Amino acid sequence: MIEVRQVSRQFGNRPVVSDISFTVKEKETLVLLGSSGSGKTTTLKMLNRLIEPDSGEILIGGKNVLHQPLEQLRRSIGYVIQQTGLFPHYTVAENIAIVPHLLKWSKEAIKQRVKHLLETLGLPPAQFAARYPHELSGGQQQRVGLARALAANPPILLMDEPFGALDPVIRHNIRQEFLNLEELKDKTIVMVTHDVTEAVLLANQICLLSEGKILQTGTARELLLQPVNTLGKEFFDQNRFQLERMVYTLADIFPRLTFTPTPDTHVPVFDSELTLWEILNKDQYDKTGIIGIRQQSQLYYVPVTQLLSFMPEADLLNSRK
């Protein structure tokens, strides 16, 4: 769907993006991850020509973006930014309807689309459609910004630090909503963030950038457990314990578990391909403190305390590579 081929960009004499290449498959989420000044936002903006590359090619659907009419290109790409960019003198409904109106949708089609998106994003239309941006919380504004980007149902969504301005609790809640949102499951998404937890949680692929160059592209599991260099490894070290819980599965640690007899009461049962993070955030444990693990059509039972006390060790994966 999106191909970036040997793209470079500099401002004045300062290289900002240097000879980068990556591919985003259809319906995949790729996160551009890096610290401030790594070139991730410049890279994102080159995808919809808010900034144009000095060299290289960017193809969307096999077509060079520089050869497409700018208006046509941008109408096929939703764009979400950290500050939402909502028009202060437009109501919530009017903000969401901007692109469908430009595309000359009928009034009824626009009304139904706005209603559907507000309901989908947990903003009841009767309560929120007529409000103005200043009457919304930060989390509500971000939902409206996402609804506006989705309004014309574009196949591609670009997101620049979309949750960065939110406080930690609201940020956590909206990330969870983002993961579960059916409206996004058919979209090809490129997201910028400096938050490693966000990247690991949301991405199919992560492109790790430093000083305008790609250090490594791969799954969260690959970047955490098979870093290609010291710089790539060190980027995740501060949060490594938590992050590795997000990529290790029950099957990974299965050989290290000590099992208990079949309990007398019902306990929750999970597939062995779920990650430790997914299991420990389920909050479905009864007073026995035991869960069942389904592994190769067999059921095994283990105390939750073993999962809580597990210390990730990279050599656990050697037998599965």
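This is a short conversation about how to read a predicted protein model.

Visitor: Before we start, what kind of model is this?

Guide: It's a predicted model, where local features need pLDDT of at least 70, side-chain atom pairs count only at pLDDT 80 or more, and totals for chains, interfaces and linings use all residues. Residues are numbered from 1 along each chain as its sequence is written, and side-chain values use heavy atoms, with hydrogens and water left out.

Visitor: Let's go from big to small. Which domains does the chain have?

Guide: Domain bounds come from an automatic or database domain assignment. Here that gives domain 1, residues 2-246, and domain 2, residues 250-315. Taken over C-alpha atoms, their centres are 35 Å apart.

Visitor: How many residues does each domain bring to the contact?

Guide: Contact means heavy atoms within 4.5 Å. Domain 1 brings seven residues and domain 2 brings eleven.

Visitor: And how much area do the two domains bury between them?

Guide: Buried area is the accessible area (1.4 Å probe) that two parts lose on being put together, summed over both. For this pair it comes to about 850 Å², with 61% of it on carbon and sulfur atoms. On the domain 1 side, Phe-241, Arg-245 and Met-246 lose the most area, together 62% of what that side buries.

Visitor: How many salt bridges are there between the two domains?

Guide: A salt bridge is a side-chain nitrogen of Lys or Arg within 4 Å of a carboxyl oxygen of Asp or Glu. Between domain 1 and domain 2 the count is one. There are also four residue pairs in polar contact across the interface, both residues being at pLDDT 80 or more. A polar contact is a pair of N or O atoms within 3.5 Å; within protein, one must be able to donate a hydrogen and the other to accept it, and residues adjacent in sequence count only if both atoms are side-chain atoms.

Visitor: Which helix gives the largest share of the domain 1 side?

Guide: That's helix α12, residues 240-245, with four residues. Helices (H or I, at least four residues) and strands (E, at least two) are DSSP runs, numbered from the N terminus.

Visitor: What goes on between side chains in α12?

Guide: Glu-244 and Arg-240 meet in a salt bridge, 3.2 Å from N to O. They are four residues apart in the helix, so about one helical turn separates them. Both also belong to a network of salt bridges that links Lys-233, Asp-237, Arg-240 and Glu-244.

Visitor: Is Glu-244 buried or exposed?

Guide: Buried means under 20% relative accessible area, exposed over 50%, and partly exposed in between (1.4 Å probe, protein chains only). Glu-244 counts as buried because its relative accessibility is 7%. Arg-240, at 16%, is buried too.

Visitor: How many salt bridges does the structure hold?

Guide: Twelve. One of them joins Arg-5 and Glu-57, with the closest N and O atoms 3.4 Å apart. Arg-5 sits in strand β1 (residues 2-11) and Glu-57 in strand β4 (residues 55-60), so the pair ties together parts that are 52 residues apart in sequence. Arg-5 is partly exposed at 37%, and Glu-57 is partly exposed at 34%.

Visitor: Which residue does Asp-54 pair with?

Guide: Arg-9, with the closest N and O atoms 3.9 Å apart. Asp-54 is in the loop between α1 and β4, while Arg-9 is in strand β1, 45 residues away in sequence.

Visitor: You mentioned α1. Why is it described as largely enclosed?

Guide: Six of the eight residues of α1 (residues 40-47) are buried, so the rest of the structure largely encloses the helix. Among the buried ones are Leu-44, Met-46 and Leu-47. After α1 comes Arg-49, whose phi is positive, near 65°.

Visitor: Can we finish with strands? Where is Val-31?

Guide: Val-31 is in strand β3, residues 29-33. Its relative accessibility is 0%, so Val-31 counts as buried. Not counting residues up to four places away in sequence, its contacts include Met-191, Ala-199 and Ile-206.

Visitor: And what does the side chain of Gln-216 reach?

Guide: The backbone nitrogen of Val-228, at 3.1 Å. Gln-216 is in strand β10, residues 213-218, and is buried at 10% relative accessible area.
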